[in-house]
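Good morning, colleagues. Please take a moment to look at the structure on the screen before I begin.

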Amino acid sequence: MFHSSTVDLAILKQRAYNLRWATVPEGVIPLTAADPDFPCAVEISEAIKEYSGSRYFSYGPPDGLPVFKESMAGYFRNKRGINADAAFIFPVDSAAFGIYITCKAFLNTGDEAIIFDPVDFLFRYSVESVGGVAVPFSIPAGTNALDFSGLEELVTTRTKMICLCNPLNPTGKVFTKEELLQLGSIAVKHNLIILSDEIWSDIVFQPAVYTSIASLGDEIRNTTVTVTGFSKSYGLAGLRIGAVMASNQVHFQRLIDASLHGSTIHGANVVSQIAATAALDKCEYWLSGFISHLQAMRDLTVNNLNSIRGFSCIAPEGCYVAFANITATGKTSIEMSEILLNEAKVRVVPGMKEWFGEGANGFIRVSFATSEEILQQAFDRIKTTLL
Ligand SMILES: Cc1ncc(COP(=O)(O)O)c(C=O)c1O
């Protein structure tokens with residue numbers, strides 16, 4: 001399923017946007033946005049075909065199709081150990097929108113939200129879009145160790161939220177249960193909402209063990225909003241589908257109100273909900289094959305990166321991106337990315353503040369959700385250019 005023969009470059013060059021095949025010059029390999037090069041599981045396209053066969057695409061319920069809500073609740077209960085209630089779950093048209101509406105629901109102008117640094121730009125972007133102030137909590141990239149002593153010092157009377165990205169894009173850190181308990185107890189003590197973005201939670205490499213923060217007891221769960229999506233685990237980015245889970249009626253109502261689903265101005269389309277339900281109900285075998293493939297690609301990527309003079313990269317515990325420190329090359333992230341694009345014909349994501357925060361300076365991010373052949377070709381070109 002994850003061999004290079006399954007990668008259809010002709011289609012990807014027409015359809016894969018967001019810095020990927022459809023946007024790079026011919027001959028360039030884009031190890032950029034985290035979007036797999038493989039077609040999705042066949043059960044997902046079968047479910048879409050079956051639903052479409054009736055030729056009815058009526059309005060769905062604003063808080064989601066019951067089958068979607070039930071499958072999602074089962075996933076959170078069985079795979080994540082969360083005491084989940086389908087009534088408090090609703091689909092959104094992407095995890096990105098889930099992050100945004102959580103900020104909209106719980107932040108007023110001038111309210112502060114603590115975000116990790118480095119982390120995906122969506123957190124700062126969403127906090128600032130609703131008039132909030134994103135306060136960065138720096139964690140060193142290049143190590144999985146984490147010192148939480150500085151986190152509580154960032155809490156002020158204006159702090160309303162802590163944004164957790166677990167596993168953390170771009171560093172690949174998977175938070176331990178002990179770390180999550182520390183974070184949770186700070187949130188409970190100061191009455192803060194925890195926005196837990198778990199879109200990467202399926203993509204975890206042994207021996208790391210994934211823990212959902214909302215599984216750590218009722219007090220923490222009651223202050224947590226969990227967001228997830230289907231772009232990373234099942235390759236459904238273009239279907240724009242994700243889910244938001246509250247833990248009580250008050251939070252659920254605030255989130256639904258913020259979503260504007262009741263007015264039909266926004267909403268997750270029914271076909272995408274059907275596809276996501278099929279992914280949860282029928283595609284576990286596909287996901288475990290994908291994770292096995294990714295574990296091998298992670299090792300190949302990290303070994304190759306560490307063999308380049310001036311590069312150093314720890315093995316990500318989760319996510320299918322490697323975050324390499326390139327400061328010892330004497331080049332900036334942007335300079336290195338330009339050399340790789342222009343000379344090696346490989347596009348990577350530079351560790352710019354706009355993408356990941358200040359803490360990403362001196363790093364480049366490489367996605368490895370492709371075939372071994374494409375990945376090895378990219379590294380051969382990079383090494384020929386840089387060695
Ligand atoms: C941490 C994180 N959250 C959310 C998203 C966005 O996911 P979606 O495609 O569902 O909007 C991404 C995509 O890269 C991500 O890395």
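In this predicted model, the domain assignment divides the protein into domain 1, covering 4-40 + 284-386, and domain 2, covering 49-281. The centres of domain 1 and domain 2, taken over C-alpha atoms, lie 25 Å apart. Domain 1 contributes 28 residues to the contact, and domain 2 contributes 32 residues.

Which elements give two or more residues to the side of domain 1 that touches domain 2? They are helix 11 (284-306), strand 9 (321-325), helix 13 (353-356) and strand 12 (363-367). Helix 11 gives the most to that side, with 5 residues. By residue class, the side of domain 1 that touches domain 2 comprises 17 nonpolar, 5 polar and 6 charged residues.

I turn now to a sheet. It is an open sheet of 7 strands, with mixed pairing and the order 2-8-7-6-5-3-4. Strand 2 (89-92) and strand 4 (133-138) form the edges; each has a single partner strand, so one side of each has no neighbour in the sheet. From one strand to the next, the twist averages 25 degrees.

As a general reminder, strands of a sheet pair through backbone hydrogen bonds, in either a parallel or an antiparallel sense. Here, strand 6 (residues 193-197) pairs with strand 7 (residues 224-229) in the parallel sense, over 4 bridges. Within this pairing, Ile194 stands opposite Thr224 in strand 7.

Finally, helix 3 (residues 66-78) packs on the sheet, where it touches strand 2 and strand 8 (242-245). The direction of helix 3 makes about 110 degrees with that of strand 2.

Note on methods:
Residues numbered from 1 in each chain as written. Predicted model: local features only at pLDDT ≥ 70, side-chain atom pairs only at ≥ 80, totals over all residues. Domains from an automatic or database assignment. Contact = placed C-beta atoms within 7 Å. Nonpolar A, V, L, I, M, F, W, Y, C, P; charged D, E, K, R; others polar. Pairing = 2+ DSSP bridges. Axes fitted to C-alpha atoms, helices over the stretch in contact; angles between N-to-C directions.
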